[in-house]
Amino acid sequence: MQLALSLGRRGLGRTWPNPAVGSVVVKDGVVLARAWTHEGGRPHAETQALAQAGEAARGATLYVTLEPCSHHGKTPPCADAIIAAGITRVVSALDDPNPDVAGQGHARIREAGIELDVGICAEEARRDHAGHICRITEGRPYVTLKLALSADGKIGASGRRPFQITGEQVRTRVHMFRAQSDAILVGVGTARADNPQLTCRLPGLEQRSPVRVILDRHLRLPASSYLAKTARKHPVWVFSGGGGEPSSATLLAAEGVEIIHAPVGERGIDLQAMLQELGRRGVTRLMVEGGARVAASFVEAGLVDEVWLYRGPVTIGADGVAALDRLPLTAVTQSPHYRVRATETLGQDTLTIYEHI
């Protein structure tokens, strides 16, 4: 199952709206086949593994990180393929909360007389499939907030002067996380001030860049920005409240930017409504990368499922930009709603992962 989980992670950020599943076929202690769900959610991991194993799958055990589907979607049911292949035992990590499955895949396998074990490595599988589960149960993507802080708790220097807080190992980890995310989000203030790329720039993974999402109530994103100029290569979705000059919408659309109208609340774009729209579009994993006001808004709204907090050894000073704008950092680090799941050292920097409970 650990092998199946590691295989499934290869599809993170590429399989949405489907889950990133891994599958392994084993017989007499020998791994016959291994597979993972491919781009766009098909073909499914189970059917690929069974095809690799061929006739040797008869009498074998199939390991899978999520309940095999039991319904006809874009592909036939994986449960039927497992039965037809002559598999005699299935080891599954989790029930799938998708109403189209919801225990029916496991039930079909049992009814066929196949031995079934459910719950192996369930907690790890639940984390890997958190995006799929959140979208199915709450209608929105799983939200991870990334913060890089100086030793004195700042995320940037005053006046948005360039300031390197963390080292190369953190940079690599962040870009890998971008590759494993369906979408990445920043506010228009960050987009205008930093003119970011928001892509994955690890060698060989450039095509795994996420959809770039911008919160831009008044359509202030320049059509000359890097984001707009690369929108046809890597999609850019701008959530707007309907304000701004009509010409701005025309210029952005001409560059390939998709403008999505969203409700506006007292403090800007309605985040819950925005997340629900992302969910409807199939997004399962959203990385929120900045800036301080956007981060604070997500935390304040109770919409952050995980916080990845990187800390560097440098000090910026009292005039630096606070991590969560109007909120103290303790709104996460000392909140009864979050607990530390993991810590890691990355060169001179540290990573602490907080998860919502």
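For the cavity lining I will come to, Ala, Val, Leu, Ile, Met, Phe, Trp, Tyr, Cys and Pro count as nonpolar, Asp, Glu, Lys and Arg as charged, and the others, Gly among them, as polar. This is a predicted model, in which local features need pLDDT of at least 70 and side-chain atom pairs count only at pLDDT 80 or more, while totals for chains, interfaces and linings use all residues. Residues are numbered from 1 along each chain as its sequence is written, and side-chain values use heavy atoms, with hydrogens and water left out.

Cavities, then. A cavity here is a set of points, on a 1 Å grid over the protein atoms alone, where a 1.4 Å probe fits but cannot get out; lining residues have an atom within 4 Å of a point. Points are joined across faces, edges and corners, and the volume is the space filled by probe spheres set on them. That gives 1 cavity of 30 Å³ or more, and the largest cavity has a volume of about 70 Å³. Its lining comprises 15 residues, with L12, N18, A20, T284 and R285 nearest the centre. By class, 4 of the lining residues are nonpolar, 8 polar and 3 charged.

Next, the sheets. Helices (H or I, at least four residues) and strands (E, at least two) are DSSP runs, numbered from the N terminus. Two strands pair if DSSP finds at least two bridges between them.

One open sheet has 5 strands in the order β2-β1-β3-β4-β5, with mixed pairing. Its edges are β2, residues 30–36, and β5, residues 115–118, each pairing on one side only. Neighbouring strands are turned by 15 degrees against each other on average, direction ignored; axes are lines fitted to C-alpha atoms, for helices over the stretch in contact, and angles run from 0 to 180 degrees between N-to-C directions. Strand β1, residues 22–27, is antiparallel to β2 over 6 bridges, and G22 has W36 of β2 as its bridge partner. Helix α2, residues 45–53, packs on this sheet and touches β1, β2 and β3, its direction making about 140 degrees with that of β2. Contact means heavy atoms within 4.5 Å. Helix α4, residues 104–111, also packs on the sheet, touching β4 and β5, at about 150 degrees to β5.

The other open sheet has 9 strands, ordered β11-β10-β9-β8-β14-β6-β15-β18-β17, again with mixed pairing. Here the edge strands are β11 (258–261) and β17 (338–346), and the twist averages 25 degrees from one strand to the next. Strands β6 (142–149) and β15 (306–311) run parallel, joined by 6 bridges, with T144 opposite E306.

Which strands does α12 lie across? They are β6, β8, β9 and β14, and α12 runs at about 135 degrees to β6. Of the 9 residues in α12, which spans 292–300, 7 are buried, that is, under 20% relative accessible area, with exposed meaning over 50% and partly exposed in between (1.4 Å probe, protein chains only). Among them are F298 and V299. Just after the helix, G302 takes a positive phi of about 70 degrees.

Last, G241, in the loop between β10 (236–240) and α10 (246–254). Is G241 buried or partly exposed? At a relative accessible area of 34%, G241 is partly exposed. Beyond its neighbours within four places in sequence, G241 contacts D216, R217, A262, V264 and I269. M176 is 65 residues away along the chain, and its C-alpha atom is separated from that of G241 by 32 Å.

Note on methods:
1 Å grid on protein atoms, 1.4 Å probe; cavity = no way out; pocket = protein on both sides within 12 Å on 5 of 7 lines; lining within 4 Å.
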